[in-house]
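Biologist: Please put the model up. Then we can go through the two binding sites by question and answer.

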Amino acid sequence: MKEVIDKGNIPQHIAVIMDGNGRWAQKKGAMRIFGHRNAIAAVRDAIEGAAELGVKFITLYAFSTENWSRPKEEVDALMEILVQAITDEVPTMMENNIRLATIGDTDSLPGKCKEHLNLGKAKTNANTGMTVVLALSYSGRWEITQAVKEIVKKVVSGEIQEKDINQEAIASHLNTADFPDPELLIRTSGEIRISNFMLWQLAYTELYFTEVLWPDFRKKHLHEAILAYQKRERRFGKTGAQIKPSE
Ligand code: IPE
Ligand code: IPE
Ligand code: MG
């Protein structure tokens, strides 16, 4: 399938809502946490698959603001798995020239998580290949609220004026200021919703939903999603005729 992908039309940024770990485990008669542990193999395969195709950014929704409301044992286990995964994956990221970045309220994460994340980010900071963005304690509304506060502060201090506030100014105050908007969003597990993910950035993103549960997600599913993306006509408000290349 990889062979039929048009290499000239690869999304430069893919966002992924990695959903279905709990159900995957429950189907096997196991605890939800077993599903989270088995999510790592899927993350690895998705990153590798994206890097092979020349994707520049992949943003993975790993933990939402709302996920703090889960049972404490599950939250603790997720944080442990995160620390473990970063420790294990940073050497591979170095080998593959991959940079680690985060979006979200990472200050709210446990100290040990922050420590490992900061180490991983610092270590991979000069890598120039793909950027893996982990969305941690992230939600779109939280991010937009933060941006509004920052902008208001600058207006109050006189650093900027009302006339300076435009779409670019807002985008530059979001956590994703350094990244382009995703062209493609993938959500696994059959849920057809956004769940507070990248509300600003997804304005014109192509949405792709699959029944596959996240721990089962592999390169071939990424390829399927990219192929589906390549069949879409991205019109950005124009008519179909307008965006067809003129003969
Ligand atoms: C996604 O899987 C992982 C996180 C949200 C952390 P879930 O844990 O939401 O799995 P389901 O949706 O309950 O199956
Ligand atoms: C979205 O999944 C968040 C992540 C994948 C990290 P959820 O499983 O938390 O979403 P809802 O609550 O079912 O919409
Ligand atoms: Mg879920």
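**Two ligands, one pocket**

Biologist: Which residues surround ligand 2?

Modeller: The shell runs from Ile17, Met18 and Asp19 through Tyr61, Ala62, Phe63 and Ser64. A residue is near a molecule if one of its heavy atoms lies within 4 Å of it. The rest of the shell is Asn67, Arg70, Arg187, Arg193 and Ser195.

Biologist: What kind of model is this, and how are its parts numbered?

Modeller: Residues count from 1 along each chain as its sequence is written, while chains are lettered from A and ligands numbered from 1 in the order written. Side-chain values use heavy atoms, without hydrogens and water, and local features need pLDDT of at least 70, side-chain atom pairs pLDDT 80 or more, while totals for chains, interfaces and linings use all residues, since this model is predicted.

Biologist: Which strand gives the most to the shell around ligand 2?

Modeller: Strands are DSSP runs of E, at least two residues, and helices are runs of H or I, at least four, numbered from the N terminus. Four shell residues come from one strand, residues 57-64. That strand is E2.

Biologist: How far is an oxygen atom of ligand 2 from an N or O atom in the side chain of arginine 193?

Modeller: A polar contact here is a pair of N or O atoms within 3.5 Å. For aspartate 19, the side-chain distance to an oxygen atom of ligand 2 is 3.1 Å. For arginine 187 it is 3.3 Å. For arginine 193 it is 2.7 Å.

Biologist: What percentage of ligand 2 does the protein bury?

Modeller: Accessible areas come from the Shrake-Rupley method with a 1.4 Å probe. Alone, ligand 2 exposes 390 Å². The buried part is 78%.

Biologist: Which residues surround ligand 1?

Modeller: One stretch of the shell is Met18, Asp19, Gly20, Asn21, Gly22 and Arg23. The others are Arg32, His36, Ala62, Asn67, Arg70 and Leu78.

Biologist: Which helix gives the largest share of the shell around ligand 1?

Modeller: Helices H1 (21-27) and H2 (32-37) each supply at least two shell residues. The largest share is three residues. It comes from H1.

Biologist: How far is a polar side-chain atom of arginine 70 from an oxygen atom of ligand 1?

Modeller: Glycine 20 places a polar backbone atom 3.3 Å from a ligand 1 oxygen. Arginine 32 has a polar side-chain atom 2.9 Å from an oxygen of ligand 1. For arginine 70 the side-chain distance is 2.7 Å.

Biologist: How much of the accessible area of ligand 1 does the protein cover?

Modeller: On its own, ligand 1 has 370 Å² of accessible area. The protein covers 87%.

Biologist: How many helices and strands does the protein have?

Modeller: The C-alpha atoms fill a box of roughly 55 × 55 × 35 Å along the principal axes. The secondary structure comes to nine helices and six strands.

Terms used
A polar contact is a pair of N or O atoms within 3.5 Å; within protein, one must be able to donate a hydrogen and the other to accept it, and residues adjacent in sequence count only if both atoms are side-chain atoms.
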